[in-house]
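Below are some notes on the model you sent round, set out as numbered points for discussion. Please read them with the coordinates open.

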Amino acid sequence: MKKILIASSALVAVAFVGQAQASEPIKLSVGGYMNQWAGFADQEVGDRNNAFQSDTEIHFKGSTTLDNGIEVGAVVELEGETSSDQIDEQYLYVSGNFGRIEMGKNDSAADSMQIVAPAVGPVGVNDGDLDIWVNSYLIDTTVPNGDQNRVTYFTPSFSGFRAGVSFADDSGKNGSFDKNVSNGAIGGLHSDTSGSGDNIVSGALEYMGDFNGISLGVSAIGENWGEGNLVGGGLNVGFGNFTVGGSYSHTDDDYGFSEGSRNPDDTDQFDVGVSYEMDAAAVSLTYGYAEYGNGSRGNGTGEISTADLGLAYTLGAGVAWKSSIFWFDDEVDGAEDNDGYGVVTGLALTF
């Protein structure tokens, strides 16, 4: 891995040779999104959650193109509400014919390149918002370690193929509020100079192609963290107004843990779904399932099934009305099972 970092540093250094200054100074622009939802959920275990939920981020972005054609930019994402992770992501990037290099607090290559089942509603079944409306396990076939201070390299696309690799040096030294790698609980702010985390090495490969009007997207991901591994993949096929797809991941019980520690069991999960788009409207039906060994209730093991019917309608530029009707059944080992349903609707703004 040291060789990879040295090679990446040398690549950047060569790219900048002879550049006294950029052709234009970097000027930050402001963008982001605001989602405001209203909903109702009924469940067997626990009280009803708040009927109103929101998710807002303000994004500051800027870039410049050097005289040799290389683009250099910066991204800072600010949470719109008080949060334990107030700055969501912050990183710089260097992009050119050689590919793209990112450095800073950001998602891994495996996380950003994983393909999942199509879903257009506000809840979803995979890495979505199910757990903010009900007390349940959250299916996630991407990578759960979140934003870390890391370096990532993406190759250019060759005949539809693209690869990515990431490296985070000691996941406990990132100035973040991510999970404590020793026991899976929220561990508070990690300092930039001390920590007990493990290196995170991540890789991904994707293919994007179009064959006589049929689009194909395929991904394969892998990540090593602590004593264990996560592997997975996804597939989407588009034809006419339809998109059909799904994803899968397997997580070892000692993924994210130091030697001698582990989750109660491995985790296997998948999602599958279909969407249909027509003019300004889109609808999707998605199903997800997980047999998990990293839950927070009972013995930490169980299985969950969940389904989501989503609707999205574009009202204007940057304004969409979205709704979900969802159902779930979470069977927890060593604790009371939970099941229920809900309806969520609201506006999603992008700017």
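1. Ser 159 sits in the loop that joins β6 (148–154) to β7, and in this predicted model the residue has a positive phi of about 55° although it is not a glycine. Most residues other than glycine have a negative phi. With a relative accessible area of 71%, Ser 159 is exposed, since the cut-off for that class is over 50%.

2. A second residue deserves the same kind of check. Asn 212, in the loop between β8 and β9 (214–225), also carries a positive phi, near 50°, and is likewise a residue other than glycine. Its relative accessibility is 83%, so Asn 212 counts as exposed.

3. Which residues pair in salt bridges, and how many such bridges does the structure hold? There are three: Glu 102 with Arg 100, where the closest N and O atoms are 2.8 Å apart; Glu 206 with Arg 162, where the closest N and O atoms are again 2.8 Å apart; and Asp 253 with Arg 262, whose side chains meet at 2.5 Å, N to O.

4. The bridge between Glu 206 and Arg 162 can be placed in the fold as follows: Glu 206 belongs to strand β8 (residues 200–211) and Arg 162 to strand β7 (residues 161–168), so the pair ties together parts that are 44 residues apart in sequence. Glu 206 is buried, at a relative accessible area of 10%, whereas Arg 162 is partly exposed, at 24%.

5. The other two bridges can be described in terms of accessibility as well. Glu 102 is buried, with a relative accessible area of 9%, while its partner Arg 100 counts as partly exposed at 25%. Asp 253 counts as buried at 16% relative accessibility, because the cut-off for that class is under 20%, and Arg 262, which it meets in the bridge, is partly exposed with a relative accessible area of 47%.

6. Strand β15 (residues 319–332) includes Val 319, a residue that counts as partly exposed at 28% relative accessibility. Leaving aside neighbours within four places in sequence, Val 319 is in contact with Tyr 313, Thr 314, Ala 348 and Leu 349. Of these, Ala 348 is 29 residues away in sequence, yet the C-alpha atoms of Val 319 and Ala 348 are 6.0 Å apart in space.

7. Glu 331 is also placed in strand β15, and this residue is partly exposed, with a relative accessible area of 35%. Glu 331 is one of the residues that form a negative surface patch; the other members are Asp 42, Glu 44, Asp 265, Glu 291, Glu 303, Asp 333, Glu 336, Asp 337 and Asp 339.

8. For the protein as a whole, the model contains three helices and 16 strands, and buried residues make up 43% of the 351 residues. Among contacts with a separation of 6 or more, 58% involve residues that are 24 or more positions apart. The accessible surface comes to about 17,100 Å², and 56% of that surface belongs to carbon and sulfur atoms.

Terms used. Residues numbered from 1 in each chain as written. Predicted model: local features only at pLDDT ≥ 70, side-chain atom pairs only at ≥ 80, totals over all residues. Heavy atoms only, no water. Helix = DSSP H or I, 4+ residues; strand = E, 2+ residues; numbered from the N terminus. Buried < 20%, exposed > 50% of the residue type's maximum accessible area, 1.4 Å probe, protein only. Contact = heavy atoms within 4.5 Å. Patch = residues over 30% accessible without salt bridge, like charges linked within 9 Å, V, L, I, M, F, W, Y side chains within 5 Å. Areas by Shrake-Rupley, 256 points an atom, 1.4 Å probe, with all protein chains shown as cover. Salt bridge = Lys/Arg side-chain N within 4 Å of Asp/Glu carboxyl O. Lys, Arg positive; Asp, Glu negative; His and termini not counted. Charge placed at Lys NZ, Arg CZ, Asp CG, Glu CD.
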